[in-house]
Structure formats: C-alpha cells, structure tokens
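Got a few minutes to poke at a ligand site? Let's ask how each label is earned.

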Amino acid sequence: MNKHIEVEYQDGVQLVRINRPEKKNALTTSMYYGLAEAISSAQTDPQIRAVVVTGAADSFTSGNDIGDFVNQSEKPLDQTDAKTTNSSKGPVPELLAALDDAEKPVIAAVNGLAIGIGTTMLFHFDLVYAAVNARFAMPFINLGVVPEAGSSLLAPLSLGKQKATELFLFGDQFDVQTAIEGGFVNQAFAADQLMPEVMQRAATLASKAPSAIRATKALMRQFGPDLKAVMDAESAVFAAQLRTPESKEAMQAFGERRAPDFSKFR
Ligand code: COA
C-alpha cells in the first residue's frame, strides 16, 4: 500500500484517506494506483460492504501532482507509456475504473479543497458529501490543458452546459452550494460533523441487502454513456495539450508562484 494512502476499517466500512497534507494531498502516480487498489480490493473482501474516501487535514485533494505533469510534458508524445498520467491505461484510468466498476457503494467525504481531478473524480462516486467550507475547481484551462476523467461529458450532464462551461473556461473555485445545485454533491455538513455523518450513512448502507445494492448499481450503469470512449478522447487531447508552450508556461508559473502570461500565444 502507498504511504500516502491510509486505510482503516469500521463497522463493515473501509475508510480510505489521501494523506499528503504538505502538498494539499496532490496525487502522484503511485497514489492513484494505491487508491485504485484500496477501492478494488474492498470489492472482494466480504467484511467490507461500503467504501469511504476522504482527505487528510484541509484538503480532499489538490488534484494531479503538478511536478508529475511537468515530467510527463518532457516526454515525447509517442513515448507516453502505460504508467504515465492520463494515458489510456495509466493511473488515472485505473482509479476511475476502480470507481466505475465498484459493486459496493463508494462514498466521497470532501473535507476541503477538491481541485482538478479532486472535483472530476466525484462524478464517479455513488454518493458525495462535503464540508460546508469545501472548495471545488476544474482549473484545467489555467494550466493550458483540458477536462479529463470524463468530465467533458459528465460535468455538462450534471451541471448543465452553461454552468459547466463557466466553471471550465474560467477555472475558478466554487463553493459547496454550487456543487449541490450542480447535482454532484448530495449534502453539506459542518466540518466537524462531516466524518461522523458520512460514516453513519456508510454503516447504514453496509447493513442493507448486499446483492440488491450490487444489482441496483449495475442496473443504474447499464445504459449509461460510453465513458471509456470519452476518456480516451480526452486523454489524447490532454497529452498533446500538456506539451504545448501554453501549458509549459502555466506549469512554470505555478512553480514560480506567479500568474501565467498567455499573451504571446495564439
Ligand atoms: N501538485 C503539486 N504540488 C501542489 C499541488 C499540486 N496539484 N497543489 C498544491 N501543491 C503544493 C504547493 O506547491 C505547496 O508546496 P510548497 O509548500 O512545497 O511550496 C503546498 O502544496 C501548499 O500549497 P499552497 O499553494 O501553498 O497552498 P494554498 O492554500 O495557498 O493553495 C491550492 C492551495 C490547492 C489552491 C493551490 O496550491 C493550487 O492551486 N494548486 C494547484 C492545483 C491544481 O491546479 N491542480 C491540478 C489541476 S489539473
């Protein structure tokens, strides 16, 4: 198990905590694999009947590790191997497949910042609860890249086209009320009540008829969109965009703690 992914068990519930607070729980390649492994292994463990994912300290996750993006952008496009972020078989698809294929309920407890894939992965959970002070963002545009994790389809479906466009094109942070109105957060709780409320709900689900839960989830996804096709298309554009001078300027600006200057690009 990855040292930044902690797992605990309580009342038939597996609690998975993203724990890299010094980097606001930014996700590295091995952390994606650790998260995916934790969610997948819960599916075959008869003691576990629901999974909760949360983050340590003040963040759920600040998204993909920007350093990993920089490393990836330095590789030629045709050498993108199966282990790099956002290739069709890499760590991001592996995490999303673990969420999409989970037969048991998977619940997000968004305890703070949920940036980039921290927000877009939420479209793949069964239930999402958040602290009242949680902040969300899909700031791909600010990094010169594009939406991922199927969000180019799932965000407009959930939020409506105009709202999704606004959140994608400005890339600004938004609050929990917007996320609830946008249909991808179920309910908000006071920060100190979030985990007790979520764990109680997870324990309730863990006490319900397990095969009926599995069958209900399977029925709900059987006529859903072809997310794999969407994610493959996104991955190809994302990988190309990551190598543009625009994106390199954006990543460098993040490292230098300044605003990016896109004025010279066309
Ligand atoms: N990847 C790598 N490091 C990250 C990170 C990320 N996604 N997000 C935050 N960090 C690091 C910062 O570089 C900083 O490291 P340092 O102390 O070694 O300099 C540390 O985490 C704390 O972040 P800081 O920016 O000081 O905290 P903040 O509260 O002012 O802002 C964020 C938090 C998350 C809003 C801000 O860090 C941010 O915008 N991060 C980038 C988010 C992002 O664009 N994710 C990818 C989307 S595709």
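What follows is a short Q and A on a predicted model.

Q: Why is the pairing of S62 with the ligand called a polar contact?
A: A polar contact needs a pair of N or O atoms within 3.5 Å. A backbone N or O atom of S62 lies 2.9 Å from a ligand nitrogen, so the pair qualifies.

Q: What makes N64 and I66 count too?
A: Same test, for N or O pairs within 3.5 Å. A polar backbone atom of N64 is 3.1 Å from a nitrogen of the ligand, and for I66 a backbone N or O atom is 2.9 Å from a ligand nitrogen. Both therefore pass. As for cover, the ligand taken alone exposes 850 Å², and the protein buries 68% of that.

Q: Why is the ligand said to sit in the second largest pocket?
A: To sit there, more than half of a molecule's atoms must lie within 2 Å of the pocket's grid points. The ligand is placed in that pocket, so it meets this mark. The pocket holds about 910 Å³ of space. Of its 34 lining residues, S62, I66, I115, L143 and F254 are the closest to its centre.

Q: What makes K23 and R257 part of the ligand's surroundings?
A: A residue is near if one of its heavy atoms lies within 4 Å. K23 and R257 are among the closest of the 17 residues around the ligand, so they fit. By class, that shell has eight nonpolar, four polar and five charged residues.

Notes:
Residues are numbered from 1 along each chain as its sequence is written. This is a predicted model: local features need pLDDT of at least 70, side-chain atom pairs count only at pLDDT 80 or more; totals for chains, interfaces and linings use all residues. Side-chain values use heavy atoms; hydrogens and water are left out. A polar contact is a pair of N or O atoms within 3.5 Å; within protein, one must be able to donate a hydrogen and the other to accept it, and residues adjacent in sequence count only if both atoms are side-chain atoms. Accessible areas come from the Shrake-Rupley method with a 1.4 Å probe; for residues, only the protein chains shown count as cover. On a 1 Å grid over the protein atoms alone, a cavity is a set of points where a 1.4 Å probe fits but cannot get out, and a pocket is an open set with protein on both sides within 12 Å along at least five of seven lines; lining residues have an atom within 4 Å of a point. Ala, Val, Leu, Ile, Met, Phe, Trp, Tyr, Cys and Pro count as nonpolar, Asp, Glu, Lys and Arg as charged, and the others, Gly among them, as polar. Grid points are joined across faces, edges and corners, and a volume is the space filled by probe spheres set on the points.
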